[in-house]
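Here is a walk through one protein model, from the overall fold down to a few residues worth a click. Keep the viewer open while you read.

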Amino acid sequence: MRQLLSEVLAHPQVSAAVATTRVAVDEAIGHRALRAHGPTLALESSLRGARASAAADGVDITVEFLRSGNVRLDHPGRPIVQAALRLAQEVPVVENIWRRSPVQALARLHVVAAADDEVLRAAPDAAAVGRPRDAQSAQLLQALAQWIATDSTTPAIVMAAIAHGQIAAEQPFGTPDALVARAVERLVVRTRGLDPRGICITETGHALIGRTAYQQALAEFRTGTVQATVDWVVHCAESISAGAREIVAVADALIAD
């Protein structure tokens, strides 16, 4: 991991993506609309993030439909949408736990994501909700948590991308890991100081490329090569940038009104 990370951080594509994303995020978190509309923008980011996360899992509904609360009980994508919404609400709640113990926070996020009865029935073992599905998965989560807790030099964008990739690709819980992984990406960006108020919609770009391309990118990331990891980090950086631009557009509209 250490050697791979060193090569990834030294790659010019990663350096450029990190720099570009920081500019986009700085524009969003420095927007003058935050002074008067901060809570509104944070709520909008959370809602739009949930919509985008669900879309990355194949359930693409409009943000207006999601905002209305009319996700019917018979809607085929309801479990995914509701899990994405619960996770979006949980991210700011679990932030302090994440700072102290990433493993504990990961368990909490999985419990929240899998709280729906239909999600539980899809799990290999409902009693294991909130726990890794085997010893190898537990080892992966422990290593990931230790890295997050002790590495103070890796840029937030790179750490968020790798944490997201490892959880989504390796599926340490069994279900619904990808939703948890995207919540973790947002948590890292928030707690590492890049976007401390959680304004940017980090999930935007994952939805924009479509489910098939997203899964292909994860499959490549799982190979563990330097270039595949670089490509994944660049994709995640572009997703954060897209989310920053999206919230800037929302903020501009608030001021215009």
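## Fold and overall numbers

Going along the sequence, the pattern of the protein reads α-α-α-α-α-α-α-α-α-α-α-α-α. That comes to 13 helices and 0 strands. The radius of gyration is 17 Å, close to the 18 Å that the globule rule gives for 257 residues, so the protein is as compact as a globular protein of that length. Keep in mind that this is a predicted model.

For box-building purposes, the C-alpha trace spans about 55 × 50 × 35 Å along its principal axes. Of the 257 residues, 53% are buried. As for contacts with a separation of 6 or more, 73% of them are between residues 24 or more positions apart. The surface that the protein exposes is about 11800 Å², with carbon and sulfur atoms supplying 51% of it.

## Charges and salt bridges

On the charge side, there are 24 positive and 27 negative side chains. The centres of these two sets lie 5 Å apart. Side chains of opposite charge can pair when their charged atoms come close. In this model the count comes to 10 salt bridges, and the table gives some of them.

| Salt bridge | Closest N to O distance |
|---|---|
| Arg 51 and Asp 60 | 2.7 Å |
| Glu 90 and Arg 108 | 3.1 Å |
| Arg 133 and Asp 134 | 3.7 Å |

What does the salt bridge between Glu 90 and Arg 108 tie together? Glu 90 sits in helix α5 (residues 78-100) and Arg 108 in helix α6 (residues 102-113), so the pair links parts that are 18 residues apart in sequence. The two partners differ in their surroundings: Glu 90 is buried, with a relative accessible area of 11%, whereas Arg 108 is partly exposed at 38%.

The other two pairs in the table can be placed by accessibility as well. Asp 60, the partner of Arg 51, counts as exposed at 61% relative accessibility. Arg 133 is partly exposed at 46%, and Asp 134 is also partly exposed, at 33%.

There is a network of salt bridges too, linking Glu 44, Arg 48 and Glu 246.

## The loop between α9 and α10

Now for some backbone geometry. Helix α9 covers 156-170 and α10 covers 177-191, and Pro 176 lies in the loop between them. Thr 175 and Pro 176 are joined by a cis peptide bond, with omega at about -20 degrees.

Gln 171 is found in that loop between α9 and α10 as well. Its phi is near 50 degrees, a positive value in a residue other than glycine. Is Gln 171 buried, exposed or partly exposed? With a relative accessible area of 38%, Gln 171 is partly exposed.

## Around Cys 200

One loop further on, Cys 200 has its place between α10 and α11 (204-208). At 1% relative accessibility, Cys 200 counts as buried, because anything under 20% falls in that class.

Which residues are in contact with Cys 200, leaving aside its neighbours within four places in sequence? They are Val 25, Ala 28, Ser 45, Arg 186, Asp 195, Gly 243, Ala 244 and Ile 247. Take Ser 45 from that list: Cys 200 and Ser 45 are 155 residues apart in sequence, yet 6.3 Å apart in space, C-alpha to C-alpha.

Conventions
Residues are numbered from 1 along each chain as its sequence is written. This is a predicted model: local features need pLDDT of at least 70, side-chain atom pairs count only at pLDDT 80 or more; totals for chains, interfaces and linings use all residues. Side-chain values use heavy atoms; hydrogens and water are left out. Helices (H or I, at least four residues) and strands (E, at least two) are DSSP runs, numbered from the N terminus. Buried means under 20% relative accessible area, exposed over 50%, partly exposed in between (1.4 Å probe, protein chains only). Contact means heavy atoms within 4.5 Å. A salt bridge is a side-chain nitrogen of Lys or Arg within 4 Å of a carboxyl oxygen of Asp or Glu. The radius of gyration is taken over C-alpha atoms; the globule rule is 2.2 Å times the number of residues to the power 0.38. Accessible areas come from the Shrake-Rupley method with a 1.4 Å probe; for residues, only the protein chains shown count as cover. Lys and Arg count as positive and Asp and Glu as negative; His and the chain ends are not counted. The place of a charge is taken as NZ of Lys, CZ of Arg, CG of Asp or CD of Glu.
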